[in-house]
Each structure stands twice: as C-alpha cells, then as structure tokens.
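User: I should like to go through the ligand contacts and the enclosed space of a model, with each term set against its definition.

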Amino acid sequence: MIYQSTRSDYTTDSLHAVLNGLAPDGGLFVRQNITGNAFNWQECLNRSSTDMAKMLLKNFFPDFQDIDSIVDKSYRNKFETEDLTPLVPVKNGYILELFRGPTSAFKDVALSVLPHLIVQAKKQTDTKGDIVILTATSGDTGKAALEGFHDVEGTQIVVFYPNDGVSEIQKKQMTSQIGKNVSVCAVNGNFDDCQTGVKKAFANLREKLFANGKILSSANSINIGRLVPQITYYFIAYKKLVRLGKIKIGEPVNFSVPTGNFGDILAGYYAKLSGLPVGKLICASNSNNVLTDFLKSGVYDKNRNLIKSMSPSMDILVSSNLERLLFHASGNNTEAVKNWMQNLNSNGYFKVDSSTLSAIQQTFEAGFCSEEDTLNAIRNCWKENGYLCDTHTAVAYHVAMQSEALGKSNNPCVILSTASPYKFPNAVLTALEEPVSDDEFDMMQHIRKITGVEIPANLSSLKDRKPVHNDVIDVSQIEHYVTEAVNGNSMS
Ligand SMILES: *Cc1c(COP(=O)(O)O)cnc(C)c1O
C-alpha cells in the first residue's frame with residue numbers, strides 16, 4: 001500500500017490507484033516516501049529512453065506485472081524519433097521536444113501508456129467489464145486520448161469537444177479518428193458547457209453503467225498513471241546534457257515548463273525526488289497567471305476571469321495537480337490539504353502557511369507571458385536560433401529568458417516544448433509578420449515554404465482524411481449520447 005490520498009490517510013496499491021483515478025475522499029493519489037525509496041537514478045541515466053521509462057514505471061508501480069511489454073507496446077513505432085524526446089540547443093539553453101508522438105502534442109508521452117496500464121490493472125485486479133473513458137476536450141487531450149485508446153481491448157472511449165471551440169486542425173484530427181471502440185461528438189457550446197455536461201453525465205451514469213458491466217473513467221491528468229510516464233523525459237534531457245559534455249553527473253539542470261494543470265512540471269518534481277539533480281523548476285503561465293501569483297505569494301485566488309489566449313492548453317484557473325505538490329511540500333499534511341481544497345471549492349481561494357511556501361520556493365520559480373510577448377518570443381526564437389516553436393513553448397521560452405535562476409547560475413536551462421508549431425499556424429504566421437488566411441492547411445504550407453521546417457506526417461496527411469464522426473448535439477443530449485455510444489461500440 002504505497003499510494004495514499006492527498007486528503008486523508010486512505011491508502012491503496014498502485015494497481016487500484018491507476019484503476020480508480022481519484023481517491024474516495026476526492027483527493028488525488030500520491031506515492032508515499034518517494035525520496036526514501038532508493039531509486040538508482042545514476043543507473044537510470046545509462047539506459048535507453050524506453051528502458052528509462054521501464055525503470056521508472058517499475059519503481060512507481062511495483063504491483064504491475066509486464067511493465068516491459070507495456071512500455072514496448074506504448075512507444076514502439078509510435079514516435080517520430082528513436083529517443084522519444086529530442087533535445088535541441090538554442091542560444092541560452094535547450095529545447096526538449098515532447099511533441100514527436102502520434103498527435104504532435106506532449107500529451108502523447110503519457111496517453112500512449114495510460115490505456116495499457118489501465119488494461120493491466122484491470123486484469124490483475126480481476127475487474128470485470130469494459131472501461132469507458134469519458135472526456136471533454138478543448139483540443140489536445142481528446143485526440144491524444146483517442147490515439148492512445150483506439151482498439152485497445154476492454155476499453156471504449158467517448159470524446160466531446162465544443163463545436164466552435166477547437167481549431168480546424170484539432171477538429172479534423174478528432175473527426176477522422178479510426179477505431180472500433182471510439183465515439184467523437186461535437187457539442188453546441190463552449191468548452192465549459194461541454195465539460196459541465198460531461199461531469200454531469202459522469203455522475204448520473206456511473207452506477208447505471210456499472211450495473212451493465214461498464215466502468216466509467218477519465219483520461220485527464222489527475223490519474224497517477226498519466227503523470228509517472230512524464231518523469232522519463234527529465235532523465236532523457238539530463239542524460240543528453242551529460243553526453244554532450246555540458247554537465248557532469250550531479251550538477252543541477254533547470255527546467256522551464258509551460259504549465260496548465262501542473263502535471264508536466266510535477267513530473268519534474270518527481271524526477272527530483274527520485275534523485276535526479278534538478279535545480280529550479282520554472283513554472284511558466286500565459287495571461288492566466290494564477291500559478292505565478294501563488295508561487296510568489298502563497299495565495300491561490302481563482303476569482304478572476306479566464307482569458308482566452310493563443311496558448312489554449314494553458315487557459316486554466318484550477319490546476320488540479322498542484323494539490324499533489326501541496327501534499328509533499330506541507331510534509332504530508334492531509335488535514336491542511338483538505339482545508340485548502342475546501343476553501344478553494346467554496347471561496348475560490350486559499351493561502352498556505354509560510355513553511356509550506358518556502359518548501360515550494362526552494363524548487364519552484366514562476367513567471368508569466370502576455371499575448372504580445374508570446375508572439376515576440378516565437379519571432380525572436382526563430383530569428384536568433386532558426387528554431388520555430390509553438391505558442392505554448394514560446395511562453396516557457398519567454399519566462400526562461402526572464403528568469404532569475406537562469407541569470408544567476410551557469411547551470412543549463414531546458415525549455416520543455418509541448419506542441420508542434422504546425423498546430424497553431426495562425427499565431428505562428430502572425431509572429432513571423434506573414435499574412436494569415438482562414439484555411440489552416442494553406443497556412444501550414446506557407447509556414448513550411450518560408451521556414452523549411454518539416455510538417456509532421458500526422459498533420460500533413462490530415463487535409464485529405466475523411467471525417468467519419470459528424471455528430472453534433474446539444475449539451476442536454478450528452479448523457480443520452482454516452483448511453484447509446486457505450487451500448488453500440490463494445491469490443492468485448
Ligand atoms: C496540456 C498542455 C500543456 C499543459 O500541461 P499541464 O501538464 O496541464 O501543465 C501545455 N502545452 C500543451 C500544448 C498542452 O497540450
């Protein structure tokens with residue numbers, strides 16, 4: 001029993017932590033005593049990328065059998081590059097490309113693995129019935145989850161997206177998704193409507209579907225099975241820097257992370273707790289800078305308007321995975337975490353004590369990036385390095401260049417790059433001071449022409465792919481849609 005809830009002393013094993021996603025008290029599952037558990041991080045640095053993933057998964061999920069074959073199935077022939085996440089030098093640092101997977105978004109790193117972990121957990125716990133993944137998406141998660149779960153035995157997946165809330169490319173990525181166990185549906189309304197509708201369906205259908213042998217679950221980043229695979233690329237980056245002769249083993253490396261739900265950056269913290277010499281973790285936000293304020297002041301205040309930015313995957317006011325950091329930084333104080341979360345829920349606000357804040361600030365720094373600076377960062381990065389980055393990466397690039405940690409230390413800084421620039425052609429062309437049009441596929445071609453950067457195959461082939469999912473419904477129909485989809489699409 002090495003997993004426990006962030007909000008009580010409820011414990012469980014790693015299989016049930018992955019299978020259930022959330023603790024019964026509403027808390028998130030955290031691994032107890034990560035530092036005390038002698039992980040051989042130096043040995044890990046000698047391994048290939050996939051072998052690193054295997055070693056880390058075995059360490060965090062000791063109850064799982066067949067981790068080797070799970071990792072092989074997850075990554076083999078699915079990523080463009082052999083080492084999963086290439087490291088590219090730029091003027092004042094390095095860019096770690098996390099977007100070389102099947103949907104050109106960093107969520108592929110984890111969502112390629114999660115379905116296989118769930119299936120394995122189901123098998124070992126002798127859990128009967130299909131797992132039904134229900135997801136509302138503002139773009140990236142939906143496609144990465146579809147790609148991960150399609151045709152995985154014993155699972156079904158239903159994805160809802162806001163009809164007018166995703167880009168043309170993102171829509172085409174989802175509507176052309178193949179697979180016998182997938183359903184994709186547009187909802188009239190915005191992302192919030194979509195998400196509210198899905199949460200309601202979740203609550204209302206859970207028991208009814210369970211009686212029919214279906215277990216409802218979700219693919220979002222509160223599941224510990226999505227977090228752990230992300231630890232790997234911090235090790236990959238570190239190993240590369242050692243091989244390049246930029247650092248000696250033991251010297252710290254800083255990371256700048258474009259942050260939304262706090263999953264990506266928390267994986268960096270877990271890398272550090274596992275022994276990897278991580279220096280500062282720089283939390284980079286867009287204009288929705290709740291986390292910047294929190295990490296500087298200890299006050300989390302979501303009572304503000306959500307701004308629609310050009311880095312939409314970071315347009316978030318409640319960063320779920322922060323709860324896990326609060327648990328670790330407060331010295332496993334579940335009572336305190338529970339109270340903070342209750343305050344957040346009822347007042348949209350909480351304030352942590354000074355010792356928790358200073359524990360956090362030992363590792364975390366924060367900064368944010370305006371819309372204008374996002375465009376400037378894309379342009380500067382291109383002009384200075386000949387490196388074309390997307391809007392989310394641009395946020396992390398800008399914040400890294402402003403960061404105190406970078407200014408003061410000679411330690412290298414790695415900027416995590418979370419999406420291909422080709423997913424946001426309008427912003428990229430605007431940044432490069434080139435004309436835009438209303439056809440995203442034409443804009444892709446134009447970017448390629450002026451920069452020479454290759455378009456990822458999964459995106460260039462999209463234009464000609466036929467949409468096979470054309471349903472559009474109202475929010476009130478979501479529940480009905482799920483019931484129909486689940487009964488019609490079974491693979492078992
Ligand atoms: C999801 C996402 C992020 C934010 O990652 P978190 O783990 O939620 O902090 C950043 N960039 C892109 C492109 C994403 O899809």
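Analyst: In this predicted model, a backbone N or O atom of phenylalanine 262 lies 3.0 Å from an oxygen atom of the ligand. The ligand has 390 Å² of accessible area on its own, and the protein covers 97% of this area; such areas come from the Shrake-Rupley method with a 1.4 Å probe.

User: Why is the approach of glycine 260 to the ligand called a polar contact?

Analyst: A polar contact is a pair of N or O atoms within 3.5 Å; within protein, one must be able to donate a hydrogen and the other to accept it, and residues adjacent in sequence count only if both atoms are side-chain atoms. A polar backbone atom of glycine 260 is 2.8 Å from a ligand oxygen atom, so the pair qualifies. For aspartate 140, a side-chain N or O atom is 3.0 Å from an oxygen atom of the ligand, therefore this pair qualifies too.

User: What makes a residue part of the ligand's surroundings?

Analyst: One of its heavy atoms must lie within 4 Å of the ligand. The ligand is surrounded by 15 residues, and the closest are Lys107, Gly260, Asn261, Asp264 and Thr418. By class, this shell has five nonpolar, seven polar and three charged residues.

User: How is the reliability of the model taken into account?

Analyst: Local features need pLDDT of at least 70 and side-chain atom pairs 80 or more, while totals for chains, interfaces and linings use all residues. Residues are numbered from 1 along each chain as its sequence is written, and side-chain values use heavy atoms, without hydrogens and water.

Definitions and conventions
Nonpolar A, V, L, I, M, F, W, Y, C, P; charged D, E, K, R; others polar.
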